[in-house]
Amino acid sequence: MKIAVMGGRGFMGARLVGKLAASGHQVGAHGRSTGVDLLTGTGLDAALRGVDVVVNAIDAPSFDEAAKAFFRATTGTLLAGSQAAGVGHLVLLSIVGIDRVPGVAYYQAKLLQEQLLQAGSIPFSIVRATQFMEFIDAILSWTTEGEVVRLPATLLQPIAADDVVDVLTDVATAAPLNGILDVAGPEVIALDELGRRTLQARPDGRRVLTDPAAGLYAVVPREAIIAAPGARLGSTRYGDFLAARGG
Ligand SMILES: NC(=O)c1ccc[n+]([C@@H]2O[C@H](COP(=O)([O-])OP(=O)(O)OC[C@H]3O[C@@H](n4cnc5c(N)ncnc54)[C@H](OP(=O)(O)O)[C@@H]3O)[C@@H](O)[C@H]2O)c1
């Protein structure tokens, strides 16, 4: 199968490209760094020539209101280019629960990205993942002040990137779902507790203070971004992930 991964040099895209190639598929990794810009359409025709499936794993440069214009423009470009190239399946990497969190501009932008894909004429699959385990350190850094990390007790269900890649690979190489599949980690853990476990595994002088008003996740209703029953679950537990990376 010939598969193009948009954002193929990014955190998730690069892992997916590696797995698809190892599985014997002909894979292209695309982004501005390889000459394909989904804001302008530059390089897209050549990237999509003869392609069966496109995976969209790009991300916006910021998490604020500007993300909406970014996803509107890039999705429009990708739909038009895919249509012209005769692509048979568009796969989008999205986020669990974004339709349940009206207060986060970035989630509203991802929802728009999904809606534009659903309204298009190309068969599609939307894979909604929960927060990547590799992303938890960044969440802690957002609300660190000196030695204190303020975190609300919002429930998360973190998943290892490689577990997401396994599902993306299965979905990209199967018939289009024309629907949404949730993928999540095997455990639901409150964010403040996740922070404590992270710092316990790799102490750096910081401690977690539970603060319902701290950071982006403060406006997320407690159970909004955990997966609904029926989701596909990864096998990697957070403790295994921390142990594997050495704390
Ligand atoms: N972080 C999480 O926990 C999480 C959870 C669930 C879902 N997701 C979703 O996963 C997706 C991928 O995330 P990630 O962390 O892998 O992203 P990332 O590492 O930031 O990679 C994003 C990629 O997008 C490409 N890109 C940006 N602007 C572009 C443009 N105008 N045209 C073409 N390519 C462009 C970049 O490549 P160039 O710089 O070469 O253009 C980059 O390789 C995101 O949509 C995110 O919403 C994330």
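The shell around the ligand comprises 13 nonpolar, seven polar and five charged residues by class. In this predicted model, 25 residues surround the ligand. Gly7, Gly10, Gly31, Arg32 and Ser33 are the closest of these. Among the secondary-structure elements, α1 (11-22) and β4 (89-95) each supply at least two residues of the shell. The greatest contribution comes from α1, with three residues.

Strand β4, one of the elements that line the ligand, was examined further. Six of the seven residues of β4 are buried, and the strand is therefore largely enclosed by the rest of the structure. A residue is counted as buried here when 20 or more other C-beta atoms lie within 10 Å of its own.

Strand β4 pairs with two strands, β3 and β5. Strand β3 (residues 53-56) runs parallel to β4 and is joined to it by four bridges. Within this pairing, Val55 has Val91 of β4 as its bridge partner. Strand β5 (residues 124-129) is likewise parallel to β4, with six bridges between them. Here Ile95 stands opposite Ala129 of β5.

The connections between these strands involve helices. A right-handed β-α-β unit is made by β3, helix α3 (residues 66-85) and β4. Another right-handed β-α-β unit consists of β4, helix α4 (residues 105-119) and β5. Strand β4 thus takes part in a unit with β3 and α3 and in one with α4 and β5, while also supplying at least two residues of the shell around the ligand.

How values were computed:
Residues numbered from 1 in each chain as written. Predicted model: local features only at pLDDT ≥ 70, side-chain atom pairs only at ≥ 80, totals over all residues. Near = placed C-beta within 6 Å. Nonpolar A, V, L, I, M, F, W, Y, C, P; charged D, E, K, R; others polar. Buried ≥ 20, exposed ≤ 12 C-beta atoms within 10 Å, placed from the backbone. Pairing = 2+ DSSP bridges. Right-handed = clockwise from strand over helix to strand, strands pointing away.
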